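Subject: The structure for you to look at

Hi there,

Here is the structure I promised to send over. Have a look at it first, and then read on for my notes.

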Amino acid sequence: MKIIKIEGDTLYVGDDGQNLLQFNVSQAEFDAQVADEVEIYGSGSEAIIVRLDSYTESAEPEVSTTTVNWNEPNVPYPDQAGNGALLAAFILNLLTTIGVGWFIIPLAWMIPLTVMSYKAYKGTRPNTTALGVVTLIFVNVIAGILQLVSPRVDQ
């Protein structure tokens, strides 16, 4: 079926038997345009009109697939991805967090900072001066210094 004409709030759909069907525009589940291929479920004022993405002989809707290559992650900060100093900072943060793990309160800031340092090492989060300073103060002095001397993106 195809939309033949749109006039005001009325939608005119031509079916395969050369019949003209009238519907209210609000019954369409999309922004209706003339010449859209549609399917109609139900009848009268209860009908729901759905656009076909593309017309196929088998009347099967096309399935859209997205291929994700896990070996090539999206790295918005490639200049810092894989930096050895950032890896060392992450490892020191992790060891310090594990070592202080029996104190509950410090974990509230150590765990998020360790995760942020890992993301900075992977290049999915910017390595900023603020991250280095906060790491230096609250997690590990050496790790904070390593983050401060590594390539940074200060915004």
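Let me start with one residue, N93. Leaving aside residues up to four places away in sequence, N93 touches L113, T114, S117, T135, V139, N140, A143 and Q147. If you want to find N93 in the viewer, look in helix 1, which covers residues 84-99. N93 has a relative accessible area of 0%. The cut-off for buried is under 20%, so N93 counts as buried. Please keep in mind throughout that this is a predicted model.

Now the overall picture. The protein has four helices and five strands. Going along the sequence, the pattern is β-β-β-β-β-α-α-α-α. There are 155 residues, and 29% of them count as buried. The accessible surface comes to about 10200 Å², with 58% of that belonging to carbon and sulfur atoms. As for contacts between residues at least 6 apart in sequence, 44% of them join residues at least 24 apart.

Next, the sheet. Three strands make an open sheet in the order 1-2-3, with antiparallel pairing. Strand 1 and strand 3 stand at its edges with a single partner strand each, so each has one side without a neighbour in the sheet. On average, neighbouring strands of this sheet are turned by 25 degrees against each other, direction ignored. As a general reminder, the strands of a sheet pair through backbone hydrogen bonds, in either a parallel or an antiparallel way.

You can trace the sheet strand by strand. Strand 1 (residues 2-7) pairs with strand 2 in the antiparallel sense, over five bridges. One pair to look for is I3, whose bridge partner in strand 2 is V13. The two strands form a hairpin with two residues between them, and G8 in that turn has a positive phi of about 65 degrees.

Strand 2 also pairs with strand 3 (residues 20-24), again antiparallel and over five bridges. Here the bridge partner of T10 is N24, while G14 has L20 as its bridge partner in strand 3. Strand 2 and strand 3 form a hairpin as well, with five residues between them. In this turn, Q18 has a positive phi of about 65 degrees.

How many of the five residues of strand 2 are buried? Four of the five residues in strand 2 (residues 10-14) are buried, so this strand is largely enclosed by the rest of the structure.

Finally, the surface. I104, I105, W109, V133, V134, I137 and F138 make a nonpolar surface patch of about 670 Å². Helix 3 (residues 129-138) gives the largest share of this patch, with four residues. V134 is found in helix 3, and with a relative accessibility of 31% it counts as partly exposed. If you color the patch in your viewer, V134 is one of the residues to pick out.

That covers my notes, so over to you. Happy to go through the views together whenever it suits you.

Best wishes

Definitions and conventions:
Residues are numbered from 1 along each chain as its sequence is written. This is a predicted model: local features need pLDDT of at least 70, side-chain atom pairs count only at pLDDT 80 or more; totals for chains, interfaces and linings use all residues. Side-chain values use heavy atoms; hydrogens and water are left out. Buried means under 20% relative accessible area, exposed over 50%, partly exposed in between (1.4 Å probe, protein chains only). Two strands pair if DSSP finds at least two bridges between them. Contact means heavy atoms within 4.5 Å. Axes are lines fitted to C-alpha atoms, for helices over the stretch in contact, and angles run from 0 to 180 degrees between N-to-C directions. Patches are made of residues with over 30% relative accessible area and no salt bridge: like charges are joined within 9 Å, nonpolar side chains (Val, Leu, Ile, Met, Phe, Trp, Tyr) within 5 Å. Accessible areas come from the Shrake-Rupley method with a 1.4 Å probe; for residues, only the protein chains shown count as cover. A salt bridge is a side-chain nitrogen of Lys or Arg within 4 Å of a carboxyl oxygen of Asp or Glu.
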